[in-house]
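Colleague: I am new to this one. Could you show me how to read it, feature by feature?

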Amino acid sequence: MSVAFTEVRHLKSRVGEEVALRGWVRNVRTSKTRFIDLRDGSGFVQCVVGAAEADPASYETAGQLTQECAIALTGLVQTHPKTGEPEILVKTLQLLAGSVDFPITPKDHGIEFLMENRTLWLRSKRQWAIIRIRHTISKAIRDFFDEDGFTLLDAPILTPSACEGTSTLFSTDYFHEGVAFLSQSGQLYQEPGVPAFGKTYCFGPTFRAEKSKTRRHLTEFWMVEPEMAFAGLEDVMQLGERMVKFILARVLTDRVEELKILERDVAPLEAALNLGFARMSYTESVAKLKELGSDINWGEDFGNDDETILMNAMDRPLWVHRFPKSFKAFYMEYDRENPDLAMGADLLAPEGYGEVIGGGERAIDMQYLLDQIKHHGLDQKDYEWYLDVRRFGGVQHAGFGMGLERAVAWICKLPHVRETIPYPRMMGTLRP
RNA sequence: UCCGGUGUAGCUCAGUUGGUCAGAGCGCCUGACUGUUAAUCAGGAUGUCGGGAGUUCAAAUCUCUCCACCGGAGCCA
């Protein structure tokens, strides 16, 4: 006999009806009446097992449930007398699978312990909320570019050379080639897509072998990288702003429950959604930072604390544009009005979060690019295919990359990106 | 890689003039309790004090060393 099981997320519309549920026991509180916190992946619900209402065997079983055992039950959907949320008045209850000594108890745990038990940690309410928001952001990104006429152009993960020549890369054996590197960016592979498709993007994992241990770094992280033909710096900033607002609107609409679980104050997110993003040139931002007490000098890149200082003072995301060319990638276009500046822009998230987007206009002048390649110590041979973008109809084009985990961290207001991805990879963290 | 910190029960932690310092709370087990929601209350079991070496009559405590992790820096998304 097959039973139609109801998902917890649908219970709101089933009040007064009898339903069958199955899921995992988060916690049990026993008094004469027994209370089970049930989770089925789609949501959470309290199930009440009363001596009068439940059948005797089920009532007995309810007293012996352990944390994270799996159960199936039937009962009446009613409204919680205090919270107004749907709850189940249980009639029958059956143990499906036992669970002994689940390590993550309903009390506080240290981050080391939780990271070691990441697979089990994912069952917790907070992690559930974060991963669901990540999912929604990810989906929103794809929907945004899809609706905007971009073509998905998947970039390779195994690459022959250090694309940007800046970061430390992971390497692996690769047949006769000897060695291959894990991609640190799909951008160079997007640019050749521009003459083919006009507007492209890639969205996948990227890898950096930097030995950095901060709240903003993973060795494996997801990045979305759009690229547009006939576009410049202004277009990058407009596209990025529209995309971020699209994401925010989606999360604020579809993930209300999850934001509540995280106790996320949505006012700053609503502000970011409704206000125009701020803009500041690099030169202006350095002056602002000095005002705020930073010891930064013109010509230096922002330190981690510089971004934090700057963004604690902002009520909305900020575009910082036109950086000194010296610390930007070789492919960055220079400013015709000031050749020392690169036509790049970074989007910094408010509330102390820093860079989530980095992008800009790509250099199209062949001789300039060749000089840049030389200047950065790169081998021209490795970039002939990239230079072809300029040789054959090389028009102005631009794009950006957004780190998914940093966006998730900001939107969820998390202290560290390690919770924004199901299985974080960091220096010193390779398992589970 | 550098700087700083931590490591004691399954978990979170307390525990130095070196000498009843092997402890608490939670979790777990037993029982009580008419709706609880990190339920509560009573009772019970639980240890390579991160590893190794050293000082000492005596080390969780002091020294050296190694390891692991946390926080920060640089670099970046």
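Modeller: Start with the terms. Helices and strands here are DSSP runs, numbered from the N terminus; a helix needs at least four residues and a strand at least two. A residue is near a strand of RNA if one of its heavy atoms lies within 4 Å of it. Keep in mind that this is a predicted model.

Colleague: Which elements each supply at least two residues of the surface near RNA strand B?

Modeller: There are β1 (18-30), α2 (111-116), β11 (220-229) and β16 (355-361). The largest share comes from β16, with 4 residues.

Colleague: Which residues come nearest to RNA strand B?

Modeller: Look at H80, K82, K107, R215 and R406. They come nearest of the 45 residues around the RNA. On the RNA side, sugar and phosphate make up 53% of the atoms of strand B that come within 4 Å of the protein.

Colleague: What classes of residue does the surface near RNA strand B have?

Modeller: It has 17 charged, 17 polar and 11 nonpolar residues.

Colleague: Which side chains should I check against the bases?

Modeller: Read these as pairs of N or O atoms within 3.5 Å. Take R29: a side-chain N or O atom is 2.7 Å from a base oxygen of RNA strand B. For Q46, a side-chain N or O atom also lies 2.7 Å from a base oxygen. With N304, the partner is a base nitrogen, 3.4 Å from a polar side-chain atom.

Colleague: Now the protein itself. Where do the domains of chain A lie?

Modeller: The domain assignment gives domain 1 as 8-97 and domain 2 as 118-419. Their centres, taken over C-alpha atoms, are 45 Å apart. The contact between them takes 8 residues from domain 1 and 6 from domain 2.

Colleague: How much area do domain 1 and domain 2 bury between them?

Modeller: About 590 Å², with 50% of it on carbon and sulfur atoms.

Colleague: How many salt bridges cross the interface of domain 1 and domain 2?

Modeller: The rule finds 1. By class, the side of domain 1 that touches domain 2 has 3 charged, 3 polar and 2 nonpolar residues. Polar contact links 3 residue pairs across the interface.

Colleague: What does R123 form with E68?

Modeller: A salt bridge. The closest N and O atoms of R123 and E68 are 2.8 Å apart.

Conventions:
Residues are numbered from 1 along each chain as its sequence is written. Chains are lettered from A and ligands numbered from 1 in the order in which they are written. This is a predicted model: local features need pLDDT of at least 70, side-chain atom pairs count only at pLDDT 80 or more; totals for chains, interfaces and linings use all residues. Side-chain values use heavy atoms; hydrogens and water are left out. A polar contact is a pair of N or O atoms within 3.5 Å; within protein, one must be able to donate a hydrogen and the other to accept it, and residues adjacent in sequence count only if both atoms are side-chain atoms. Ala, Val, Leu, Ile, Met, Phe, Trp, Tyr, Cys and Pro count as nonpolar, Asp, Glu, Lys and Arg as charged, and the others, Gly among them, as polar. Domain bounds come from an automatic or database domain assignment. Contact means heavy atoms within 4.5 Å. Buried area is the accessible area (1.4 Å probe) that two parts lose on being put together, summed over both. A salt bridge is a side-chain nitrogen of Lys or Arg within 4 Å of a carboxyl oxygen of Asp or Glu.
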